[in-house]
Amino acid sequence: MKKIFTPIQIGPMTLKNRIVAAPSVTYNASYTGEVTERQVEMYRDRAIGGFGFIQVEAATIRDDGKAFPCFLAADHPKYLPGLSK
């Protein structure tokens with residue numbers, strides 16, 4: 001059990017531990033798909049909480065690919081500033 005708290009090398013990336021936050025639908029994006037401060041805070045809190053690796057939620061890469069309202073979007077350069085946060 002102690003091994004879960006030890007660092008691990010994955011390719012060029014070293015994780016501080018082996019605890020992973022799996023992706024999940026949060027409905028925290030804006031109605032039009034932009035990253036919101038609520039999302040940024042949620043992922044920041046997970047990082048502060050100790051996860052070694054955090055997978056973010058699904059994002060549409062096509063304007064007609066939104067599965068539900070508040071679905072994260074990555075189908076236009078206008079979304080890059082929020083996604084970069």
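A salt bridge is a side-chain nitrogen of Lys or Arg within 4 Å of a carboxyl oxygen of Asp or Glu. With that in mind, the pair Glu37 and Lys85 is a good place to start in this predicted model. The closest N and O atoms of Glu37 and Lys85 are 2.6 Å apart, and the two residues form a salt bridge. This pair links distant parts of the chain, with Glu37 in helix H1 (residues 37-49) and Lys85 in the segment after helix H2 (80-84), 48 residues apart. The partners can also be described by their accessibility. Glu37 has a relative accessibility of 42%, so it counts as partly exposed. Lys85, at 63%, counts as exposed.

The search of the whole structure finds 2 salt bridges. Besides the pair just described, Arg62 and Asp64 meet through their side chains in a salt bridge, at 2.8 Å from N to O. Here both partners, Arg62 and Asp64, are exposed.

A step back gives the overall picture. The chain contains 2 helices and 4 strands, arranged along the sequence in the pattern β-β-β-α-β-α. Taken along the principal axes, a box of roughly 45 × 25 × 20 Å is filled by the C-alpha atoms of the chain. The chain has 85 residues, of which 25% count as buried.

Helix H1, which holds Glu37, deserves a closer look. From its first C-alpha to its last, H1 reaches 18 Å over 13 residues, close to the 18 Å expected at 1.5 Å a residue. Its buried residues are Gln39, Val40, Met42 and Tyr43. Seen down the axis of H1, these buried residues fall within an arc of 160 degrees, and therefore they line one face of the helix. A general property of helices helps in reading such a list: an α-helix has 3.6 residues a turn, so residues three or four places apart point the same way. On the other side of H1, the exposed residues are Arg38, Asp45, Ile48 and Gly49.

Some of the residues met so far appear again around the largest pocket, which has a volume of about 230 Å³. Its lining consists of Val35, Gln39, Val40, Tyr43, Arg44, Val56, Glu57, Ala59, Leu72, Gly82, Leu83 and Lys85. Both helices take part, since H1 and H2 each supply at least two residues of this lining. H1 gives the most, with 4 residues. Among the buried residues of H1 are Gln39, Val40 and Tyr43, and these also line the largest pocket. Lys85, the salt-bridge partner of Glu37, is another residue of the pocket lining. By class, the lining of the largest pocket divides into 7 nonpolar, 2 polar and 3 charged residues.

The structure also has an enclosed space. The count comes to 1 cavity of 30 Å³ or more, and the largest cavity has a volume of about 30 Å³. The residues lining the largest cavity are Val25, Thr26, Tyr27, Glu57, Ala58, Phe68, Cys70, Phe71 and Leu72. Sorted by class, this cavity lining has 7 nonpolar, 1 polar and 1 charged residues. Glu57 and Leu72 line the largest cavity and are also found in the lining of the largest pocket.

Methods
Residues numbered from 1 in each chain as written. Predicted model: local features only at pLDDT ≥ 70, side-chain atom pairs only at ≥ 80, totals over all residues. Heavy atoms only, no water. Buried < 20%, exposed > 50% of the residue type's maximum accessible area, 1.4 Å probe, protein only. 1 Å grid on protein atoms, 1.4 Å probe; cavity = no way out; pocket = protein on both sides within 12 Å on 5 of 7 lines; lining within 4 Å. Points joined across faces, edges and corners; volume = space filled by probe spheres on them. Nonpolar A, V, L, I, M, F, W, Y, C, P; charged D, E, K, R; others polar. Expected span 1.5 Å × (residues − 1). Arc of directions from axis to C-beta.
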